[in-house]
Amino acid sequence: MKKRPFGPAGVPVAVIGEGTWNMERDDRTAAIASIRRALDLGVTHIDTAEMYGQGQVERLVGEAIAGRRSEAFLVSKVLPTNATRPCRVAWRSSE
C-alpha cells in the first residue's frame with residue numbers, strides 16, 4: 001500500500017482509507033471483519049465520527065482495532081457542540 005507523510009510530524013499514512021459512515025447499519029461481525037481486512041491489506045487510515053450511529057461506529061472501530069492500535073491512523077470528527085473551550089481544557093494534562 002502506498003503511503004504519504006501526513007501533517008507536521010510526517011506520519012506515514014496509506015493513501016487509501018476505510019470510511020465508516022453508516023457502518024452501524026451493517027452486520028457487526030462483517031463490519032469488524034472489513035476493518036481488520038483493511039488493516040491486513042495495509043490500509044492504515046480509518047475515518048469515523050462520533051455522530052455515526054450516535055457513537056456506535058466509534059465503538060465498533062475500537063473493537064475492530066483492539067490489539068492492533070499501532071497499525072491504525074484514526075480520524076474522528078467531533079460535533080461543534082462537543083468542541084467547546086471547556087472540553088479542550090478538560091483534556092489537558094496536569095502541569
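User: How many helices and strands does the protein chain have?

Analyst: The protein chain has three helices and five strands, where helices (H or I, at least four residues) and strands (E, at least two) are DSSP runs numbered from the N terminus. Along the sequence they follow the pattern β-β-β-α-β-α-β-α. The model is predicted: local features need pLDDT of at least 70 and side-chain atom pairs count only at pLDDT 80 or more, while totals for chains, interfaces and linings use all residues. Residues are numbered from 1 along each chain as its sequence is written, and side-chain values use heavy atoms, with hydrogens and water left out.

User: Why is valine 13 called buried?

Analyst: Buried means under 20% relative accessible area, exposed over 50%, and partly exposed in between (1.4 Å probe, protein chains only). Valine 13 has 7% relative accessibility and therefore counts as buried. This residue is found in strand E2. Not counting residues up to four places away in sequence, valine 13 touches Lys2, Lys3, Arg4, Phe6, Thr44, His45 and Phe73, a contact being heavy atoms within 4.5 Å. In the chain of 95 residues, buried residues make up 26%.

User: Why does isoleucine 16 count as partly exposed?

Analyst: Its relative accessibility is 48%, so isoleucine 16 counts as partly exposed. Isoleucine 16 lies in the loop between strand E2 (11-14) and strand E3 (17-19).

User: What makes Met1, Val15 and Ile16 a patch?

Analyst: Patches are made of residues with over 30% relative accessible area and no salt bridge (a side-chain nitrogen of Lys or Arg within 4 Å of a carboxyl oxygen of Asp or Glu). Like charges are joined within 9 Å, and nonpolar side chains (Val, Leu, Ile, Met, Phe, Trp, Tyr) within 5 Å. Met1, Val15 and Ile16 form a nonpolar patch on the surface, with about 270 Å² of accessible area together; such areas come from the Shrake-Rupley method with a 1.4 Å probe, and for residues only the protein chains shown count as cover.

User: How do you know that strand E4 and E5 pair?

Analyst: Two strands pair if DSSP finds at least two bridges between them. Strand E4 (residues 45-49) and E5 have five bridges, in the parallel sense, and the bridge partner of aspartate 47 is valine 75 in E5.

User: Which strands form the open sheet, and in what order?

Analyst: Three strands form the open sheet, in the order E3-E4-E5, with parallel pairing. E3 and strand E5 (73-77) are the edge strands, as each pairs on one side only.
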